[in-house]
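Trainee: Could you take me through one part of this model closely? I would like to see where the two halves of the chain meet, and what lies around that place.

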Amino acid sequence: MNKEEKKIETIIALLEEEASAWDVPIVTQYADNLKGPFTILISTILSLRTKDEVTEEASRRLFALADTPEAMAALEEEDIQKAIYPVGFYRNKAKTIIEICRTLQERYHSLVPDSLDELLTLKGVGRKTANLVMTLGYGKEGICVDTHVHRISNRLGYVAAKSPDETEFALRNKLPKKYWIRYNTLMVAFGRNVCRPVSPLCSCCVVASFCDREGVVHSR
Ligand code: SF4
């Protein structure tokens, strides 16, 4: 094991020790409740540019109406809008959800595909959503890079990337595969509780001695 591998292993082990005290992202809660790839896919679409509490409530209301592609495709667009309001861009998301459900019915026998390339052909599905369905929905290889994962991986000095997609490709090259699925959940929780977007809590961070604090101007 080289020096860099040892460093990330130590960081992840230290964060795992802290993790039980942190809140868990909503999409992970759905995965833990074994609701399956379809609800993970739809919840992730709802979560884009939306606060977690709002996503959680909207997801519950929507899945109470329908939790399969067939049932959801049969809903009126207005009913979906009402159920998911006030998530960001709720009108567009209602349209997108119906289109995704119809595509799943027509092309995939109402099942969510389990390949990254096929997921990326669905309307409104980008790399973040596709990777989350692969990892949490199917337990398959993937690294879901959202703003938390992107920011923290760069602050630590583990990658030097300009965008979440670049960070994903850099992580795919160097992060040991055994961490791929867990990495997102761990970093999202760490990012919400300690390594916050603005003014991270560096003074009480358990991995401070391993961090380059790249780009950190203000901290507490
Ligand atoms: Fe984030 Fe600061 Fe910890 Fe580095 S030391 S991981 S910047 S909280």
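Mentor: One cut-off first: a contact here means heavy atoms within 4.5 Å. Keep in mind that this is a predicted model.

Take Thr96 as a warm-up. Thr96 sits in helix H7, which spans residues 90-108. Set aside the neighbours within four places in sequence, and the contacts of Thr96 are Lys123 and Gly124. Is Thr96 buried or exposed? Buried means under 20% relative accessible area. Thr96 has 12%, so Thr96 is buried.

Now the division of the chain. Domain 1 is made of two stretches, 3-23 and 143-210. Domain 2 is residues 35-138. Thr96 therefore falls in domain 2, by its position in the 35-138 range. The C-alpha centres of the two domains are 27 Å apart. Domain 1 gives 12 residues to the contact, and domain 2 gives 8 residues.

How much area is buried between domain 1 and domain 2? About 800 Å². Carbon and sulfur atoms give 54% of that area. On the domain 1 side, three residues lose the most area to domain 2: Cys144, Ile181 and Arg192. Together these three make up 45% of what that side buries.

Next, the polar part of the interface. The rule finds 2 salt bridges across the interface of domain 1 and domain 2. It also finds 5 residue pairs in polar contact there, with both residues of each pair at pLDDT 80 or more. Which elements give two or more residues to the side of domain 1 that touches domain 2? Helix H11 (164-174) and helix H12 do.

Look at helix H12 first. The structure holds 12 salt bridges in total. In one of them, the side chains of Arg182 and Glu16 meet at 2.8 Å, N to O. Arg182 lies in helix H12 and Glu16 in helix H1 (residues 3-19), so this pair ties together parts 166 residues apart in sequence. Arg182 is partly exposed, because its relative accessibility is 37%. Glu16 is partly exposed too, at 32%.

Now helix H11. Arg127 and Glu168 also link distant parts of the chain, 41 residues apart. Arg127 belongs to helix H9 (residues 127-138), and Glu168 belongs to helix H11. Their side chains form a salt bridge at 2.7 Å, N to O. By the domain bounds, Arg127 is in 35-138 and Glu168 is in 143-210.

Why does Glu168 count as buried? Its relative accessible area is 2%, and buried means under 20%. Glu168 has another salt bridge, with the side chain of Arg172, again at 2.7 Å, N to O. Both residues lie in helix H11, 4 residues apart, or about one turn of the helix. Arg172 is partly exposed, at 26% relative accessibility. So Glu168 has Arg127 as one salt-bridge partner and Arg172 as another.

Glu56, Glu57 and Arg60 are also joined by salt bridges, in a network.

Finish just past helix H12, which covers 180-193. Val194 lies in the segment after that helix. Val194 is buried, with 12% relative accessibility. Apart from neighbours within four places in sequence, Val194 is in contact with Trp22, Pro200, Leu201 and Cys205. Take Cys205 among these partners. Val194 and Cys205 are 11 residues apart in sequence, and their C-alpha atoms are 6.7 Å apart in space.

What of the cysteines? The structure holds 0 disulfides. Cys195 is buried, at 11% relative accessible area. Cys211 is partly exposed, at 22%.

To draw this together: helices H11 and H12 are the elements to follow on the domain 1 side. Helix H11 carries Glu168, with its link to Arg127 in helix H9. Helix H12 carries Arg182, with its link to Glu16 in helix H1.

Conventions
Residues are numbered from 1 along each chain as its sequence is written. This is a predicted model: local features need pLDDT of at least 70, side-chain atom pairs count only at pLDDT 80 or more; totals for chains, interfaces and linings use all residues. Side-chain values use heavy atoms; hydrogens and water are left out. Buried means under 20% relative accessible area, exposed over 50%, partly exposed in between (1.4 Å probe, protein chains only). A disulfide is a pair of cysteine sulfur atoms within 2.5 Å. Domain bounds come from an automatic or database domain assignment. Buried area is the accessible area (1.4 Å probe) that two parts lose on being put together, summed over both. A salt bridge is a side-chain nitrogen of Lys or Arg within 4 Å of a carboxyl oxygen of Asp or Glu. A polar contact is a pair of N or O atoms within 3.5 Å; within protein, one must be able to donate a hydrogen and the other to accept it, and residues adjacent in sequence count only if both atoms are side-chain atoms.
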